[in-house]
Amino acid sequence: MSTAKKEQTEILNWASKDGEFRRQQSVFRDQIVDEPGAKFAPERDRYHLYVSLACPWAHRTLMVRELKGLQDFITVSVVDYLLLDKGWKFSPAEECPGAIPDTVNNASYLRDLYFKVNPEYNGRFTVPVLWDKKLDTLVNNESSEIIRMFNTCFDKFLPNDKKAINYYPENIRAEIDELNEWVYDTVNNGVYKSGFATSQQAYENNVYPLFKSLDRIEDILSKSDYLVANTFTEADIRLFTTIIRFDPVYHGHFKCNAKSIEKDYPNILKWARRIYQMPGVAGTVNMDHIKKHYYMSHRQINPTQIVPIGTGPDLSLPIS
């Protein structure tokens, strides 16, 4: 079977044979580096970002692009919210409001970019994708690395107020790394490991640690406005994109229903509102794409593709 046909049949098979969901590691890991002779150097309008507004991993990169003021440096395409057998597709805004077609490669599907770089590629076709328009190649598809590139690599071009923003300060990197590790495993990925489990044991192996970690985060935020050293860092950005999807999607769709953010985690809710109300952040949140993606794409979980009407807590309300 060809790679393309094999991926078509397997793209919606999320869990392993033992019922556990195991996330594939990103394989494109080049870096934008501000050094003489660097293959990928920071330049205005050289790089293009492919994202889904539904995806929490891609959402991180959009947030940092916005908060660091990189709109003139990094152009963007937005895929359709519906993920079916051929993976993420590009649609006109008339067909899918909020979508932005691929004006760089004129691709019909995100998979086309992966095969352009490597015709033998046999992994998943994931977002985000950072593309180099100058060398016509894929730079990186790991969100945690892309946000760190955006954090500092373009600083020499930015005004002082944006240059001063640093979401990974050197003096607290160890604490950020330590928190990121358990939050990623039990919360960011924990909701997926719960939702995509195909056995009761696999589900319970992950849903209980998820709520244990949410309780731990609630305790941290009862004493501090932000997760690490009372400073807004990448740790907050990485968690925020999961938390805003929790009540409208993960609570029901992924069976993470022991508690809700709105009813049971007042400090997490206050923290989410604080971030949502930062200039530019609300514009990166598209709840229509978020809800329709999960409820309509995951047909093995929701075969009717009915989308619930709830949108989660109102994050625009004043922070009490």
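**Exercise 1. The two sides of helix α8**

Task: In this predicted model, which residues on the other side of α8 from its buried ones are exposed, and how is the buried set arranged around the axis?

Solution:
1. Start with the exposed residues: Q201, Y208 and K212 have over 50% relative accessible area.
2. Now list the buried residues of α8, those under 20%: A202, Y203, N206, V207, L210, F211, S213, L214, I217, E218 and L221.
3. These buried residues span an arc of only 165 degrees around the axis, so they lie on the same side of α8.
4. A general rule helps here: an α-helix has 3.6 residues a turn, so residues three or four places apart point the same way.
5. Finally, look for the cover over the buried residues of α8; it includes α6 (173-188), α7 (190-195), α9 (234-253) and α11 (266-276).

**Exercise 2. Checking the length of α8**

Task: What should α8 (residues 200-221) span, and how far apart are its end C-alpha atoms?

Solution:
1. Helix α8 has 22 residues, and the rise is 1.5 Å a residue.
2. The expected span counts one less than the number of residues, which gives 32 Å for α8.
3. The end C-alpha atoms of α8 are 32 Å apart, in agreement with that expectation.

**Exercise 3. Building the sheet**

Task: In what order do the 4 strands of the open sheet stand, and which strands are at the edges?

Solution:
1. Begin with β1 (residues 47-51) and β2, which pair in the parallel sense over 5 bridges. Within this pair, L49 faces V76 of β2.
2. Follow the chain from β1 through helix α2 (residues 56-67) to β2: this β-α-β crossover is right-handed.
3. Next, β1 pairs with β3 (residues 129-132) in the antiparallel sense over 4 bridges. Here H48 stands opposite W131 in β3.
4. Helix α3 (residues 110-117) packs on the sheet, where it touches β1, β3 and β4, and its direction makes about 50 degrees with that of β3.
5. Put together, the order is β2-β1-β3-β4, with mixed pairing.
6. The edges are β2 and β4 (137-140); each has a single partner strand, so one side of each lacks a neighbour in the sheet.

**Exercise 4. An edge strand and its surroundings**

Task: How many of the 5 residues of β2 (residues 74-78) are buried?

Solution:
1. The buried residues of β2 number 4 of the 5.
2. Strand β2 is therefore largely enclosed by the rest of the structure.
3. Keep in mind that β2 is also an edge strand, with a single partner in the sheet.

Technical notes. Residues numbered from 1 in each chain as written. Predicted model: local features only at pLDDT ≥ 70, side-chain atom pairs only at ≥ 80, totals over all residues. Heavy atoms only, no water. Buried < 20%, exposed > 50% of the residue type's maximum accessible area, 1.4 Å probe, protein only. Helix = DSSP H or I, 4+ residues; strand = E, 2+ residues; numbered from the N terminus. Pairing = 2+ DSSP bridges. Right-handed = clockwise from strand over helix to strand, strands pointing away. Contact = heavy atoms within 4.5 Å. Axes fitted to C-alpha atoms, helices over the stretch in contact; angles between N-to-C directions. Arc of directions from axis to C-beta.
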